[in-house]
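Q: I would like to learn how to read a metal site and the empty spaces in a protein model. Could we go through them one at a time?

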Amino acid sequence: PLPFPLKIVNCYALRDGVAWIMLERPDVSNAQNHRLLDQLDDLFRQAVEDDAVKVIVLGGRGKHFSAGHDLGTAEKDRHMERERKLLWYSHLNCEGAEGQYVLEQDAYLGFCRRWQDIPKPMIAMVQGACIAGGLMLAWVCDMIVASDDAFFQDPVVRMGVPGVEYFAHAFELPPRIAREFLLLGERMSAERAYQLGMVNRIVPRTDLEASVERIALELASRPRFGMVLTKQAINLVEDLRGKKSAMDSVFHMHHLAHAQNQLVSGNLVRGMDAKAMASANKAQAGEGRKPE
Ligand code: ZN
């Protein structure tokens, strides 16, 4: 028996042609365990297959959009069997670097690519923290609407890994900024992300849901097929600029890093743990400059 119920992590509501899919682990800042991601995939499928759904909104309940992949909560489930969605074998019973590679091919890179191709417009509704794996969920959406308190961060270089598995950094940000974003791993404010074109709108926190709803309803009035083709056109242009092949290549660097960390320390990630990370963030904020 599982130590916790199977289907508790996300919630789904259909309102006026808009499917609202909310990450539902607010007590752990919507940290993404595999159960949450597998279920998210189910909910996206439900939204795609339902003709009543014109637009999909992805948000997170509570103070933060998502703190990233679940590295340490009680419901962390990396060592449990999961329902695979792509044609990969189980990551359990693999030796050495194979298990994590197989797991991430399916559950991280594979999922994100599949979600980026969802044939309906998707809006990420981001408040508070959008960290590491959180970025992956926001980046696969067509538009990102952020509240003024939102911030973005990929701090995994501090753990010896060159960025999250879905390596869109240098496509989402100008290369010089992507270097800074990764190398320093500091928080980027919604305001700076907006100036750099990574975010479409910034709105007050209290208006976030209403603002997203306005945009979603506007999109819902457009012809479906026109929107599908437009989405495919932009995805195609990004791929012609090398997004897909860059991601494939960097994914293997990411796994070289996991393997190196395993060899040296016995863990997939090393260097800063969650506590050291929190105090580094506090120090950044405490230096008197606004986190950005
Ligand atoms: Zn990884």
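Q: Where do His-254 and His-258 lie, and how many residues apart are they?
A: Helices are DSSP runs of H or I with at least four residues, strands are runs of E with at least two, and both are numbered from the N terminus. Here His-254 and His-258 both belong to helix H9, where they stand four residues apart, about one turn of the helix. This is a predicted model, in which local features need pLDDT of at least 70 and side-chain atom pairs count only at pLDDT 80 or more, while totals for chains, interfaces and linings use all residues. Residues are numbered from 1 along each chain as its sequence is written, and side-chain values use heavy atoms, with hydrogens and water left out.

Q: Are His-254 and His-258 buried or exposed?
A: Both His-254 and His-258 are buried, a word that stands for under 20% relative accessible area, with exposed meaning over 50% and partly exposed in between (1.4 Å probe, protein chains only).

Q: Which residues coordinate the zinc ion?
A: Donors are N, O and S atoms within 2.8 Å of the metal (3.2 Å for Na, K and Ca), and sites may look incomplete because water is not among the atoms. In this model the zinc ion is coordinated by Glu-104 (OE), listed twice, Glu-165 (OE), His-254 (NE2) and His-258 (NE2), at 2.1 to 2.5 Å. Along the chain, these donors follow the spacing E-x60-E-x88-H-x3-H.

Q: How many cavities of 30 Å³ or more does a search of the whole structure find?
A: Rolling a probe the size of a water molecule over the atoms shows where empty space is left. On a 1 Å grid over the protein atoms alone, a cavity is a set of points where a 1.4 Å probe fits but cannot get out, whereas a pocket is an open set with protein on both sides within 12 Å along at least five of seven lines, and lining residues have an atom within 4 Å of a point. Points are joined across faces, edges and corners, and a volume is the space filled by probe spheres set on them. The search finds four such cavities, and the largest holds about 90 Å³. Helix H9 gives the largest share of its lining, three residues.

Q: What is the volume of the second largest pocket, and how many residues line it?
A: Its volume is about 610 Å³, and 27 residues line it, with Cys-141, Asp-142, Met-143, Ile-234 and Glu-238 nearest its centre. The largest share of this lining, seven residues, comes from H8.
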